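Biologist: Please take me closely through the aromatic side chains here, and then through the helices and loops around them. I have the sequence and the model open, so residue names and distances are welcome.

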Amino acid sequence: FPVTIQPPNIEAEITPEIAEAMFRDGIKKRLSELHVSEALDAWKRNYIGIPQWPYLSVTARLAVAVTDISKLLESGKIPDSIINVLLKQMPIDVKYELACNSNIHEMVFFKLMQDDDKYVKYRLAENINIPSKMMEELLSKNISGLSKKIADNPSTPRKIIENLITSGTIPRTDSENCPRDVLERLCRHPDKYIRLSVARNKIAPTHVLELLSEDSDEDVRKSVAENTSSPASALERLSKDKNYAIKYAVAKNISCPTSTLEWLAKDYRITNEVAENPSCPPELLQKLFKDSKNYFGSIARNISCPPSILESLHKRSKDDYILSLVAENINCPDIILFKLSNENNTLIKSGLASNYKTPTDVLIQIAKHRSSKIRKILTDNYSTPAEALHIIASAYRDWETDRKSTRLNSSHS
């Protein structure tokens, strides 16, 4: 930590003893003025040891010890009087941490609830283990925004949720913790954004998504089209929607039935989205492959594309970008990956480097490439063998040595 040392008000020569005393005083002053967050950070990094402990302010010492205090507060074995003293002296950011701690004893929740800071109450309202009786007490305080936080808490009891809805506070309807009967009630809500979040919910009942697929608002219908829990009948209906953004969403949905994908593939404006959908059947991918080169990129990107089609793409396409997508695909046969490794193209090499199914020998060969981008991709690939990583590390050391040598020569000249 930077330390400001004030020189003594004497004209005498500064002896080593005086200098040491000045340094010690500077350290004491700096430590006593440390902000709580600085003290916590320093303690975690072992910059502050036990000898410096007495020089920290009481507040900083308390904050540093908060981990142990939290464990004690979780146990519920601390006397009431001690809890009162701790909470009274505790820095506000430490109180925030405690209010978020789901393991804290119920008695500590109660004490924190008496705090004047509204943000402590906000954090308590979000805590998944706060008792329901305390939720009700928090609601009785009529603090702005508090009811919404309790409504969004996945642990809030059904009775409280229903009371909040009656009073006009709507819970998060896009959360998977939202009760299904609440979603049923809100799917007809006049507010478009509430219906929108219901349409996005993965646990929304089938009949609710069916209903919302016919909603007057396009954004709501699009959310149903994107929802992987939407029933086949709803997706089929939306595939005939006048809005093309909705059709695109249906074509990309992995839950889209084969019959609907086949129907959408007839529209050239949506065919690429169909070709890239992992649920697109091999027969349809084969048909699209034969139909036009325009679909090659989407077919190669499809993570479910069969090896036979990837092999056909390798034979038929001369486009380096398409071949790089083939190289990236985890379904690409080893024999094709070996052939692609002989291509002297950075894009294709990058595709091979990113594929965790690429054979070890090929990854070692690619590690010798001069491109720093390819080396970076290789280091991110968890299948890259140790030998390849050693080659990359050695190349980096050589580069660093050359760089320092060049800098040194230029400074002498």
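Modeller: Gladly; here is the overall fold, then the aromatic rings, then some helices and loops.

This is a predicted model, in which local features need pLDDT of at least 70 and side-chain atom pairs count only at pLDDT 80 or more, while totals for chains, interfaces and linings use all residues. Residues are numbered from 1 along each chain as its sequence is written, and side-chain values use heavy atoms, with hydrogens and water left out.

The chain has 28 helices and zero strands; these are DSSP runs numbered from the N terminus, with helices being H or I of at least four residues and strands E of at least two. Of the 413 residues, 43% count as buried, that is, under 20% relative accessible area with a 1.4 Å probe and protein chains only, whereas exposed is over 50% and partly exposed lies in between. Taking contacts (heavy atoms within 4.5 Å) between residues at least 6 apart in sequence, 41% join residues at least 24 apart.

Now to the rings. A search of the whole structure finds four aromatic pairs. Tyr 244 and Tyr 248 have ring centres 6.2 Å apart and planes at 55°, so this pair is tilted. To pair, the rings of Phe, Tyr or Trp (its six-membered ring) need centres within 6.5 Å; planes under 30 degrees apart are stacked, those over 60 edge-to-face, and the rest tilted. Both tyrosines belong to helix H17 (residues 244-252), where being four residues apart separates them by about one helical turn. Tyr 244 is partly exposed at 24% relative accessible area, and Tyr 248 is partly exposed too, at 29%.

Another pair is Tyr 356 with Tyr 382: their ring centres are 5.4 Å apart and their planes at 25°, so they are stacked. Tyr 356 sits in the loop between helix H25 (346-354) and helix H26 (360-366), and Tyr 382 in the loop between helix H27 (372-380) and helix H28 (386-412), so the pair ties together parts 26 residues apart in sequence. Tyr 356 is partly exposed at 32%, whereas Tyr 382 is exposed, at 67%.

Charged side chains meet rings as well. Arg 123 lies over the face of Tyr 96, 4.0 Å from the ring centre, and the charged end of Lys 240 sits over the ring of Trp 263, 4.8 Å from its centre. For this, NZ of Lys or CZ of Arg must be within 6 Å of the ring centre and within 35 degrees of the ring normal.

Back in H17, you will also find Ile 246, which is buried at 0% relative accessible area. Leaving aside neighbours within four places in sequence, Ile 246 is in contact with Glu 218, Arg 221, Lys 222, Ala 225, Leu 238 and Asp 241. Its C-alpha atom is 9.8 Å from that of Val 220, 26 residues away along the chain.

Ser 230 occupies the loop between H15 and helix H16 (232-238) and is buried, at 5%. A polar atom of the Ser 230 side chain lies 2.6 Å from the backbone oxygen of Val 224. Such a polar contact is a pair of N or O atoms within 3.5 Å; within protein, one must be able to donate a hydrogen and the other to accept it, and residues adjacent in sequence count only if both atoms are side-chain atoms. Not counting residues up to four places away in sequence, Ser 230 touches Leu 209, Val 224 and Leu 235.

Helix H13 (residues 192-200) has Ile 194, Arg 195, Leu 196, Ser 197, Val 198 and Ala 199 as its buried residues. Their cover includes helix H12 (180-186), helix H14 (206-212) and helix H15 (218-226). At the start of H13, a side-chain oxygen of Asp 191 comes within 2.9 Å of the backbone nitrogen of Tyr 193.

Finally, look at Asn 153, in the loop between helix H10 (146-152) and helix H11 (158-166). Asn 153 is buried, at 4%, and its side chain reaches the backbone oxygen of Asn 127 at 2.9 Å.
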